[in-house]
Amino acid sequence: MAAGAQSRPVIQRFGRPDPFRWVWALLCNVKFALLLVGLAGVAALVGVIVPQVPAPMRRNPAARQAWMEMRREDFGAFTGIMDGYDL
């Protein structure tokens, strides 16, 4: 052993792996952070592009139906899906 080198004791852990260590490592990962930022950007873009039913029309069934018919021209088969999610 070299004169300046110090030996460190080896600590071995036995038992179950620590789930918090795995979560912390995931949250500190740069690639995961970029993935989260990208997903947030896509969600924001979808929220801007997809029109939502205006608040006064949500309470009036006739106005809501007229709005959905106008949207049916633009979105076709996806109109039913959007109506199911109250968009």
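Is R72 buried, partly exposed or exposed? R72 is partly exposed, with a relative accessible area of 37%, where buried means under 20% relative accessible area, exposed over 50%, and partly exposed in between (1.4 Å probe, protein chains only).

The structure is a predicted model, in which local features need pLDDT of at least 70 and side-chain atom pairs count only at pLDDT 80 or more, while totals for chains, interfaces and linings use all residues. Residues are numbered from 1 along each chain as its sequence is written, and side-chain values use heavy atoms, with hydrogens and water left out. The mean pLDDT (the predictor's confidence in each residue, from 0 to 100) is 83 for the protein, and 84% of its residues reach 70 or more.

The secondary structure consists of 5 helices and 0 strands; helices (H or I, at least four residues) and strands (E, at least two) are DSSP runs, numbered from the N terminus. Among the elements, helix α2 (residues 30-49) has the highest mean pLDDT, 94, and helix α5 (residues 78-84) the lowest, 81. Helix α2 has 20 residues and spans 29 Å from its first C-alpha to its last, close to the expected 28 Å, a value given by 1.5 Å times one less than the number of residues.

Of the 87 residues of the protein, 8% count as buried. In helix α1 the number buried is 0 of 9 residues, so this helix lies largely in the open. W24 has its place in helix α1 (residues 19-27) and is exposed, at a relative accessible area of 59%.

The structure holds 2 salt bridges, each defined as a side-chain nitrogen of Lys or Arg within 4 Å of a carboxyl oxygen of Asp or Glu. In general, side chains of opposite charge can pair when their charged atoms come close. One salt bridge joins the side chains of R72 and E69 at 3.5 Å, N to O. Because R72 and E69 are 3 residues apart in helix α4 (residues 61-75), about one helical turn separates them. E69 is also partly exposed, at 37% relative accessibility. In the other salt bridge, the side chains of R71 and D74 meet at 3.1 Å, N to O. R71 and D74 likewise lie 3 residues apart in helix α4, about one turn of the helix. R71, with a relative accessible area of 17%, is buried.
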